[in-house]
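The following exercises are to be worked with the sequence and the three-dimensional model at hand. Each task is followed by a stepwise solution.

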Amino acid sequence: MSRVLHPEDTTDNGKELRLKQEYFLTSAALQDILRRFLSKYDDLSMLPSKVAIQMNDTHPALAGPELMRLLIDEHGLTWDTAKDIARGCLNYTNHTLLPEALETWSTWLMGRVLPRHMQIIEGIDKEHRAATKCPDDLGIVKHDQVHMGTLAFVMASHVNGVSALHTELMKETVFSELNDAYPKLILNQTNGVTPRRWLRLSNPASSKVLSETIGAGWESDLGRLAELGAHEADTGVRDAIGAAKRENKVALSNWASDQLGIRLNPDAMFDVQIKRMHEYKRQLLNVFETIARWPAIRDNPQADWTPRVKIFGGKAAPGYFAAKEIIHLINDVANTINTDPVVGDRLKVIYPANYNVSMAERLIPATDLSEQISTAGKEASGTGNMKFTMNGALTIGTLDVANVEIREHVGAENFFLFGMTAAQVQQRYQVMDHARDAIQASQTLRNVLQMIVEGRFNPDDPQRYNGLVDATWNHDPFLVASDFESYLSSQAKVDTAYADPDHWNTLALRNIAGAGFFSSDRTIKGYMKDIWDTKSLA
Ligand SMILES: *Cc1c(COP(=O)(O)O)cnc(C)c1O
């Protein structure tokens, strides 16, 4: 039950294991919280003033019924008291706008594995329906499914999104009816990342430059990075920023040579897309653009190419076939391009296996270009984007959620924007044959798809990607085709900017200077003030 976090859930056995795991971890945490509370206090009505529980996504949404069960069955409280206490302690952070990603469990499975909880959930649902006079589709239990997002929402004192745009879209889309029924519950806390891990620990070279330029102490007061702006005109500082980046790239090249047996040129642009493998994050858009570079280089190898190393990293969920196909394609493309003697150092593609936090700590400090190219409106926040910005990478990105805020903080002229806005994405979905239209309009994309169906990257099994290409022509659910040309033009601007190292270092400096807002210290202070009603001990 605890050996693998998030076990595969495409089979009934897997689903059952996953539900049991979620219950096990949730119940263990709640029992520990109650044990610690009762070792100090004897009045359970004080629980909400001493304990704040943050449900991180729907995975611990059983916390509502489980805390009620503990309070009623084990501590003898009444239903109404238990429910008020539970709701007083609980808050819910939403992490996705994709309705298919909000968990549901069949009432059959829930009733068999957790019969007492099913009973409590039905009681909560009955009161929820009565209090909100809600239409049927607002219920927690409907069509024989328990909707965990709704359960978490109804049992929470506060519900929050994780970036400004995500929170607005939450109110307009997934939770619009619940927001009408329970006004003022939803608020925003833009995500952040810890600068101790993601800058000080993982990037000693840049940290040294920062401390020498703006003085010590920025690690716990990241807003101070803005002071870097005053040094923009100082050639010494710009050069030092460039030199720290190069030192990290040399270290990464040595690692790649060791681990992957491939020689990388540290003077090439390191272009990195590392994150969970998901269609909405559009690794496919990046690999299509990579493929497009190949014939262009071969046709004109003597042209003035800005050399690039394309680095991919990320795992797919165990049952996610389409995502695994994209991993396979990237690896096939890498094998083909990396062994083409005509291409040489102009383009290399690597996909180191087993992407995790340790690998992220190694890759991010060595990145020149951060790929944040999800379909606008689909990502909830992203935090990878923030790690890159504080490490002086420039971003190529869509106007998706936290990218919007990063662009505001670093300055629009220091960010490579492309693609449709969230509103345009909604309109584009209304266009019949949007994919076919976009592909017909792009000679480059047609060539890319043609090379893939010809099996140019997989002569051993030339049919391998027929399904993927067919899906791109006919469905393209995340609008890869519709954003392709815009992405290509933005990438061309990136190439031009990188060709001038001093200009690039200036842009990098501005990105670091604008990253202060994205410290998790700022985020945690927001939760303390707006949600937990608590004060810092320090
Ligand atoms: C930060 C981080 C993520 C989140 O990346 P996004 O680009 O925001 O999706 C995922 N995995 C690891 C290992 C990370 O360090």
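**Exercise 1.** In this predicted model, which side chain meets that of D461 in a salt bridge, and at what N to O distance?

*Solution.* Step 1: the partner is R464, with 3.3 Å from N to O. Step 2: the burial of each residue is then classified. R464 has a relative accessible area of 18% and is therefore buried, the cut-off being under 20%. D461, at 31%, is partly exposed, because its value lies between the limits of 20% and 50%.

**Exercise 2.** Determine which parts of the chain are linked by the salt bridges R246–D267 and R298–D340, and classify the four residues by burial.

*Solution.* Step 1: the side chains of R246 and D267 meet at 2.8 Å, N to O. R246 belongs to helix α12 (residues 235-260), whereas D267 lies in the loop between α12 and β8 (269-274); the two are 21 residues apart and the pair links distant parts of the chain. Step 2: R246 is partly exposed at 37% relative accessibility, and D267 is likewise partly exposed at 44%.

Step 3: R298 and D340 form a salt bridge at 2.5 Å, N to O. This pair also joins distant parts of the chain, 42 residues apart: R298 is in helix α13 (residues 283-299), and D340 is in the loop between α14 (321-338) and β10 (347-350). Step 4: R298 is partly exposed, with a relative accessible area of 39%, but D340 is buried at 7%.

Step 5: for the wider setting, the count of salt bridges comes to 37. A network of them links D271, E289, R293, R308, K310, E371 and D495.

**Exercise 3.** Describe the interface between domain 1 and domain 2 by its area, its residues and its polar interactions.

*Solution.* Step 1: the domain assignment gives domain 1 as 12-188 and domain 2 as 200-519. Ten residues of domain 1 and eleven residues of domain 2 take part in the contact. Step 2: the centres of the two domains, taken over C-alpha atoms, are 37 Å apart.

Step 3: about 760 Å² is buried between the domains, and carbon and sulfur atoms give 71% of this area. L98, S163 and L165 supply 54% of what domain 1 buries against domain 2, more than any other three residues.

Step 4: zero salt bridges are found across the interface, while two residue pairs are in polar contact there. The side of domain 1 that touches domain 2 has six nonpolar, four polar and no charged residues.

How values were computed:
Residues are numbered from 1 along each chain as its sequence is written. This is a predicted model: local features need pLDDT of at least 70, side-chain atom pairs count only at pLDDT 80 or more; totals for chains, interfaces and linings use all residues. Side-chain values use heavy atoms; hydrogens and water are left out. Domain bounds come from an automatic or database domain assignment. Contact means heavy atoms within 4.5 Å. Buried area is the accessible area (1.4 Å probe) that two parts lose on being put together, summed over both. A salt bridge is a side-chain nitrogen of Lys or Arg within 4 Å of a carboxyl oxygen of Asp or Glu. A polar contact is a pair of N or O atoms within 3.5 Å; within protein, one must be able to donate a hydrogen and the other to accept it, and residues adjacent in sequence count only if both atoms are side-chain atoms. Ala, Val, Leu, Ile, Met, Phe, Trp, Tyr, Cys and Pro count as nonpolar, Asp, Glu, Lys and Arg as charged, and the others, Gly among them, as polar. Buried means under 20% relative accessible area, exposed over 50%, partly exposed in between (1.4 Å probe, protein chains only).
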